[in-house]
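Here are some short exercises to work through with the structure at hand. Try each task yourself before you read its solution.

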Amino acid sequence: MIKKVLIIVLCLLVALGIQSQDFSYTGTLKADGVNIDVGNRAFPTFADIDGDSDLDLYIGENDGYIYVFKNYGTGYFSSEGYLQTIYVGSKSSPTFADIDCDNDLDLYIGASEGYIYIYTNDGSGNFISAGYLQDSDGYYIYGGPQSTPIFADLDNDLDLYLGRWSGNYGGIIKVFINDGNGNFSSVGFLQADGSDIAGYGGVPEFEDIDGDNDLDLFVGTYDGYFSVYMNDGNGNFSYTGYLQADGSDIYVEYINKLAFADLDNDNDPDLYIGEWFGTILVYENIGDSFISSFHKSDISVYPNPTLGIVSFEPSNEKIKKITISDITGKQVFENINLSNIQSIDLSDFKNGIYTVSIQTENKIYTTKIIKR
């Protein structure tokens, strides 16, 4: 009887969109003891190319190269410079997939010009240029300026999902279906809730974040947030808000790309976000309680992390009081009788995690914010 009740409760939680995953910001990813920094526009992806059973890090960047950071099995990374002499002009967006089913990962790179470069793996981790990716009719697949390719298995083979974040073209995601033999055909745009996914920017990533054996969709946007679309198990997606960490919507200034990886071998995917300024932000998965990670909170706190200015915006309530405490619990800020949108300058605060208490006319909200 108890087991049956628990199953019913869990089903209700899933139906309400409440997930068993939450993320907490833990800092910036390091290599050789210092913060990884590739200059501008870090677009990360993880892959085990050398067959040592741990995930190495590959980062596309603004100038069109791909940086390699080798994982030594404990999440300790060491820089190995550029991946061979691969160069795609500008704004490289790498991803790996075994489309030809030869049991090694080939490299596919989106770039500023909109086509997808192919570099085949010779079986020993050496990549050989093979031109542009073509569709089943022999035409070069084109995604629009600054294309970001991702392969995902939603129907028992790897299909291509091609994001393009250029504002002039919107945030649509093109879909190319694999016929099972590595031949791709365009079938339009990826949808959610019955309509094309669109917005100002569109950098897609897939991950089974709720552990229900289907891939959910995360889309980085030009305005610095990550839209979340949950999969119903049949490849139908529903929008559920922005991805959160520490109780607030994750905000990373300007365009960005996320990647998931279990580097600490604790059987859940942690979150890594490449940002425009060249670093990789780390968010640990702490999903041991039923926390709503994928819904906008009633209070929006942004940007988070922040370099200085932070704003608080209620959905429909007036803020009456804000207090901020440091990690020791000491109150370091208080203000009362605020308007509906209030900005606060934290430039003089030390870097670290702060607890923010926001009192409205009806309730008190508590969240975390990171000062960098």
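**Exercise 1. Strands side by side**

How many bridges join β1 to β26, and do these strands run parallel or antiparallel?

*Solution.* Keep in mind that you are looking at a predicted model.

Step 1. Begin with the pair itself: β1 and β26 are joined by 5 bridges, and they run antiparallel.

Step 2. Pick out one residue in this pairing: F23 stands opposite N285 in β26.

Step 3. Now widen the view. The order β1-β26-β25-β24 describes an open sheet of 4 strands, with antiparallel pairing. β1 and β24 each have a single partner strand, so these two stand at the edges and one side of each has no neighbour in the sheet.

Step 4. Look at the angle: on average, neighbouring strands of this sheet are turned by 25° against each other, direction ignored.

**Exercise 2. The largest nonpolar core**

Find out which elements give two or more residues to the largest nonpolar core.

*Solution.*

Step 1. Locate the core. The largest nonpolar core has 18 residues, and F23, L243, I250, L258, L271, I273 and Y283 are those with the most contacts inside it.

Step 2. Match the core to the strands. Two or more residues come from each of β1 (23-28), β20 (226-231), β24 (257-261), β25 (270-274) and β26 (280-285). The largest share, 3 residues, is given by β20.

Step 3. Zoom in on I250. Beyond its neighbours within four places in sequence, I250 has contacts that include L243, L271, I273 and Y283.

Step 4. Link this to a general idea: nonpolar side chains tend to be buried together in soluble globular proteins.

Step 5. Look for another core. A second, separate one has 17 residues, among them I36, V38, A261 and Y272.

**Exercise 3. A residue in a loop**

Decide whether Y225 is buried or exposed.

*Solution.*

Step 1. Place the residue: Y225 lies in the loop between β19 (216-220) and β20.

Step 2. Compare with the cut-off. Buried means under 20% relative accessible area. Y225 has a relative accessible area of 11%, so Y225 is buried.

Step 3. Check the surroundings. Setting aside neighbours within four places in sequence, the contacts of Y225 include V219, Y242, I250 and Y302.

Step 4. Compare chain and space: Y225 and P303 are 78 residues apart along the chain, while their C-alpha atoms are separated by 9.5 Å.

Step 5. Step back to the whole protein: of its 372 residues, 52% count as buried.

**Exercise 4. Empty space**

Which residues lie nearest the centre of the largest pocket, and which line the largest cavity?

*Solution.*

Step 1. Start with the idea: rolling a probe the size of a water molecule over the atoms shows where empty space is left.

Step 2. Take the pocket. The largest pocket holds about 470 Å³ of space. Its lining has 18 residues, and F46, F96, F151, E205 and F206 lie nearest its centre.

Step 3. Name the elements. β4 (43-47), β8 (93-97), β12 (147-153), β18 (203-207) and β24 give two or more residues to this lining. β12 gives the most, with 4 residues.

Step 4. Turn to the cavity. About 40 Å³ of space lies in the largest cavity, which is lined by A245, D246, S248, D249, I250, Y283, N304, P305 and I370.

Step 5. Connect the exercises: I250 and Y283 line this cavity, and both are among the residues with the most contacts inside the largest nonpolar core.

Conventions
Residues numbered from 1 in each chain as written. Predicted model: local features only at pLDDT ≥ 70, side-chain atom pairs only at ≥ 80, totals over all residues. Heavy atoms only, no water. Core = buried A, V, L, I, M, F, W, Y, C linked by side-chain atoms within 4.5 Å. Buried < 20%, exposed > 50% of the residue type's maximum accessible area, 1.4 Å probe, protein only. Contact = heavy atoms within 4.5 Å. Pairing = 2+ DSSP bridges. Axes fitted to C-alpha atoms, helices over the stretch in contact; angles between N-to-C directions. 1 Å grid on protein atoms, 1.4 Å probe; cavity = no way out; pocket = protein on both sides within 12 Å on 5 of 7 lines; lining within 4 Å. Points joined across faces, edges and corners; volume = space filled by probe spheres on them.
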